Amino acid sequence: MRSITVKGTGRLSVKPDLIVVSMTLETKDSEYEKTMETAAEKIELLNKSLEEIGFEKESVKTTNFNVRTDYESVRDINGVYKSVFKGYVCSHNLKVEFDFDTKKLAKTLFAISRCLATPEFSVSFTVKDPTALNGELLKSAARNAREKAEILCSASGARLGELTNIEYNQVDINIYSPTEYRLESSRMMKAEALSNIAIEPDDVTVNDSAAFTWEIL
């Protein structure tokens with residue numbers, strides 16, 4: 001049986017419809033119990049700040065939680081470096097998501113920047129339904145492969161037969177807009193000023209591919 005194998009490539013660009021605000025809370029203390037107690041207080045402060053502008057408490061999700069020991073390299077009187085125990089470090093990564101709304105984003109960033117827990121934060125733009133996006137992407141790859149196969153067969157004086165095989169290696173696809181949103185001086189700004197900043201993030205562009213094999217008639 002003669003056959004032809006073609007790699008089909010799918011490419012889609014869509015406007016982001018979801019905003020993700022990622023936050024990091026870090027607590028350090030020489031005592032474990034005090035570290036954990038302070039970490040819990042910071043989370044409570046952050047939740048309260050967001051609840052005051054309309055978020056439900058369950059809106060803030062934990063993406064990573066880590067507690068580690070902290071050591072410092074210190075040189076003694078003989079010039080030898082030794083590791084000295086400094087205490088514990090608790091890192092708590094969280095996120096809150098909401099529909100694309102620049103005014104809500106302004107209020108959210110203002111609330112976070114004024115929170116006494118002083119979290120570090122970043123903003124990214126993505127899509128609410130990545131599964132549907134992946135499905136359309138694979139359909140696009142399949143159409144692209146068939147178009148290529150038909151062109152090659154036609155140019156060779158042959159006809160495309162039955163599809164006999166598909167090879168697809170699933171990979172993680174970045175579904176975030178390349179737009180970076182940074183606000184280093186947010187503590188000096190007012191919510192009204194933030195809300196007046198026009199934001200139009202770049203489209204989310206994704207690519208995927210698969211190999212298709214057909215009979216040649």
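This report describes the sheet of a predicted model and the helices that lie across it.

## Basis of the description

Because the model is predicted, local features need pLDDT of at least 70 and side-chain atom pairs count only at pLDDT 80 or more, whereas totals for chains, interfaces and linings use all residues. Residues are numbered from 1 along each chain as its sequence is written, and side-chain values use heavy atoms, with hydrogens and water left out.

## The sheet

Four strands form an open sheet in the order β3-β4-β2-β5, and their pairing is antiparallel; strands (E, at least two residues) and helices (H or I, at least four) are DSSP runs numbered from the N terminus, and two strands pair if DSSP finds at least two bridges between them. The edges are held by β3 (61-75) and β5 (120-126), each of which has a single partner strand, so one side of each is left without a neighbour in the sheet. On average, neighbouring strands are turned by 20 degrees against each other, direction ignored, where axes are lines fitted to C-alpha atoms, for helices over the stretch in contact, and angles run from 0 to 180 degrees between N-to-C directions.

## Partners of strand β2

Strand β2 (residues 18-29) pairs with β5 in the antiparallel sense over seven bridges. In β5, Ser122 is the bridge partner of Ser22, and Phe125 stands opposite Ile19. Twelve bridges join β2 to β4, again antiparallel, and Met23 has Leu94 of β4 as its bridge partner.

## The helices

Helix α1 (residues 32-51) lies across β2, β3 and β4 (81-99) and runs at about 150 degrees to β2, with contact meaning heavy atoms within 4.5 Å. Helix α2 (residues 102-113) lies across β2, β4 and β5, running at about 5 degrees to β2.
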